[in-house]
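Me: I'd like to learn how to read a model like this one. Can we go through it feature by feature?

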Number of protein chains: 2
Amino acid sequence: MKVKDVGEWRIIDRIWRTLIRDPEEIMGFNDDVVSKRLRKGWVLVAHTDALTEIADILPGMTPHSIGFKSVVMNVSDFASKGVKPLGMLFALGMPGDVDVSFVDEIARGWRDAAKKYGLYVWGGDITEARELVLCGTIIGLAREGDLVARKGAREGDLVACIGEFGLTSIAYFMLLEGLRAPNERVERRAKEAVYYPKAYLKEGLKLARLKVVTSSMDCSDGLAWTLHTLCYLNNVGMVIKNIPIPSEVFEYAKEHGLDPYELALYGGEEYALVFTLKRDSLNRIPKSLLREIHIIGEVTLDKRVRLEIEGVKREVEARGWEHFKSRK
Amino acid sequence: MKVKDVGEWRIIDRIWRTLIRDPEEIMGFNDDVVSKRLRKGWVLVAHTDALTEIADILPGMTPHSIGFKSVVMNVSDFASKGVKPLGMLFALGMPGDVDVSFVDEIARGWRDAAKKYGLYVWGGDITEARELVLCGTIIGLAREGDLVARKGAREGDLVACIGEFGLTSIAYFMLLEGLRAPNERVERRAKEAVYYPKAYLKEGLKLARLKVVTSSMDCSDGLAWTLHTLCYLNNVGMVIKNIPIPSEVFEYAKEHGLDPYELALYGGEEYALVFTLKRDSLNRIPKSLLREIHIIGEVTLDKRVRLEIEGVKREVEARGWEHFKSRK
């Protein structure tokens with residue numbers, strides 16, 4: 001039996017069952033970060049995310065954008081938990097015939113993204129590898145009570161997000177399948193979404209401090225997968241009545257006869273925040289933050305994830321980006 | 001200009017100069033770990049080390065030993081700093097056609113090594129890659145005053161080590177160049193040294209608590225390189241009068257007409273502790289620990305590293321394992 005036959009998630013589950021669990025680790029393998037209890041209510045929070053040439057590098061990415069994105073993909077997990085990162089380590093693997101200037105640009109990407117998100121790249125390791133591999137580890141400290149887990153959503157909670165969906169799907173169609181954008185603006189926005197993605201760190205930190213979020217998850221494997229995972233872990237369902245989709249996604253979908261909701265639901269590497277909120281908590285959120293929040297649906301008791309938009313009702317499928325099984 | 005033309009250390013230096021330094025990081029790029037000041041004298045300590053198929057995996061390594069070694073190589077850096085690790089994260093990259101049982105065995109290797117060194121593997125990331133890549137990150141907390149840096153050696157200090165040298169060089173000759181061992185015992189000890197290396201964590205922790213070590217460094221790039229690095233960073237030299245070399249190294253050297261001191265000096269991946277001690281501190285070290293310590297020389301003012309053993313005097317060359325430049 002090969003890894004590609006069982007896929008990423010079953011492999012993770014097998015590894016998890018083999019390891020000895022730390023009784024002071026409070027998040028478990030099913031969340032976006034690990035978190036170790038220290039003293040007096042403090043927890044150490046850490047997360048690691050690797051980017052490899054074969055799985056993650058899209059045509060047209062510059063080394064600067066590769067470095068930048070390798071920071072953002074780690075910051076995004078901390079944003080979803082409401083944890084401020086302190087710094088990162090990187091292990092960088094590459095073949096010996098890579099240009100030195102290429103590495104310089106990766107380092108500038110690290111520097112610029114680190115500066116943007118208020119953290120430091122402290123150091124790391126360089127090693128020879130058959131392809132480019134950037135393995136980032138992000139570390140921070142938090143108060144245990146401030147950490148927002150994937151578990152916690154209850155029936156009646158609102159489903160919400162910060163950020164939009166669909167642009168990365170367009171970028172994959174454009175860059176990997178050659179389906180051209182109808183105009184320069186659509187092309188630019190789609191490329192920006194995958195070359196220089198944005199993590200909603202400030203927003204995630206503010207939300208966590210307000211104690212209004214009941215569950216939250218990093219959205220890097222796609223919106224549909226994120227919603228299904230939150231439902232599965234919380235033993236609930238969701239009705240989704242609204243998805244923030246930029247006009248460029250509708251334009252592109254129209255051009256190629258694609259379904260914009262498909263593009264929004266089954267993309268990936270969109271580092272939007274997806275979370276659930278107590279229904280009566282909206283009035284506790286400052287207006288400036290509330291303006292960024294899209295209420296997209298509500299938590300239900302039946303365990304389905306349904307889309308009900310513009311009179312169209314359909315099931316949201318439980319699929320998303322899975323290493324070894326998905327193919328971009 | 002390619003990475004292989006300039007080598008690992010100049011690449012690290014270029015990256016370091018590109019990044020913005022954290023004013024609260026106290027070790028700098030030149031040490032074995034990074035360390036971030038927290039509050040009340042506590043520091044966060046972290047280190048990352050990647051193992052790739054092309055650079056690190058020797059013929060005959062089992063997946064269990066690969067997993068085990070990927071923990072040990074990280075623990076070793078903490079041992080040299082006197083820091084107790086709390087846990088590790090792993091990013092595991094591999095091609096989809098790897099057997100699931102192979103991954104299970106890597107996880108068992110992680111579990112067994114973690115148990116041996118009293119830490120936990122908390123979690124990590126799985127991704128598709130062209131070759132097997134294990135990127136481990138180890139994290140701990142320490143009192144700032146307990147951390148042993150590479151800097152601190154002074155003229156007159158003793159040079160010491162815990163652990164022996166030369167077996168990994170034999171293993172490379174055996175496994176990579178086909179120079180056979182003269183007997184089964186030599187073969188077994190050499191293979192054990194590279195398949196299941198040992199980190200001297202307990203010893204490193206005890207030494208740090210005694211406050212007798214003036215400088216210390218992980219020895220994974222070879223003894224000669226370690227001595228030279230400590231000298232360079234401390235602006236001193238060393239005279240080495242004794243190197244602990246197992247009898248098997250002498251047997252193997254004799255069989256193949258090799259120089260046992262060459263084997264001991266220019267190996268690598270020997271996770272021995274190499275450190276300097278205040279000359280008057282030996283009486284403060286408990287007998288049980290003292291028995292493990294080999295005094296191998298002393299720190300001098302001239303900036304050379306010399307070997308003076310059995311009437312033979314020679315310079316120790318400043319070479320060791322460097323990614324992209326060295327070839328096993």
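Reply: Let's start with how angles are read: axes are lines fitted to C-alpha atoms, for helices over the stretch in contact, and angles run from 0 to 180 degrees between N-to-C directions. In this predicted model, α4(A) lies across β3 and β4 of chain A, and its angle to β4(A) is about 155 degrees.

Me: Which sheet do β3 and β4 of chain A belong to, and in what order do its strands come?

Reply: Read a sheet by walking from strand to paired strand. Here you get an open sheet of 5 strands, ordered β1-β2-β5-β3-β4 (chain A), and the pairing is mixed. β1 and β4 of chain A are the edge strands, each pairing on one side only. Ignoring direction, neighbouring strands in this sheet are turned by 20 degrees against each other on average.

Me: How many bridges join β1(A) to β2(A), and are the two strands parallel or antiparallel?

Reply: There are 4 bridges, and the two strands run antiparallel. For a spot to click on, try V34(A), which stands opposite A46(A) in β2(A).

Me: Let's zoom out. What are the domains of chain A?

Reply: For domains, look at the bounds, then at the contact between them. The assignment gives domain 1 (3-146) and domain 2 (158-315) in chain A. Their C-alpha centres lie 22 Å apart. As for contact, 22 residues of domain 1 of chain A meet 21 residues of domain 2 of chain A. The domain 1 side of that contact has 10 nonpolar, 6 polar and 6 charged residues.

Me: And how many residues of chain A are in contact with chain B?

Reply: Contact here takes C-beta atoms, placed from the backbone, within 7 Å. By that cut-off, 64 residues of chain A are in contact with 64 residues of chain B. Elements giving two or more residues to the chain A side include α1 (3-18), α4 (100-116) and β4 (120-128) of chain A. By class, that side has 35 nonpolar, 11 polar and 18 charged residues.

Me: Why can chain A be called as compact as a globular protein of its length?

Reply: Take the count first: chain A has 11 helices and 12 strands. Its radius of gyration is 20 Å, close to the 20 Å that the globule rule gives for 328 residues, so chain A is as compact as a globular protein of that length. Along the principal axes, its C-alpha atoms fill a box of roughly 55 × 55 × 50 Å.

Me: Last one: what confidence does the predictor give?

Reply: Check the chain, then the complex. Chain A has a mean pLDDT of 94, with 98% of its residues at 70 or more. For the complex, the predictor gives an ipTM of 0.94 and a pTM of 0.95.

Terms used
Residues are numbered from 1 along each chain as its sequence is written. Chains are lettered from A and ligands numbered from 1 in the order in which they are written. This is a predicted model: local features need pLDDT of at least 70, side-chain atom pairs count only at pLDDT 80 or more; totals for chains, interfaces and linings use all residues. pLDDT is the predictor's confidence in each residue, from 0 to 100. Domain bounds come from an automatic or database domain assignment. Two residues are in contact if their C-beta atoms, placed from the backbone, lie within 7 Å. Ala, Val, Leu, Ile, Met, Phe, Trp, Tyr, Cys and Pro count as nonpolar, Asp, Glu, Lys and Arg as charged, and the others, Gly among them, as polar. Two strands pair if DSSP finds at least two bridges between them. The radius of gyration is taken over C-alpha atoms; the globule rule is 2.2 Å times the number of residues to the power 0.38.
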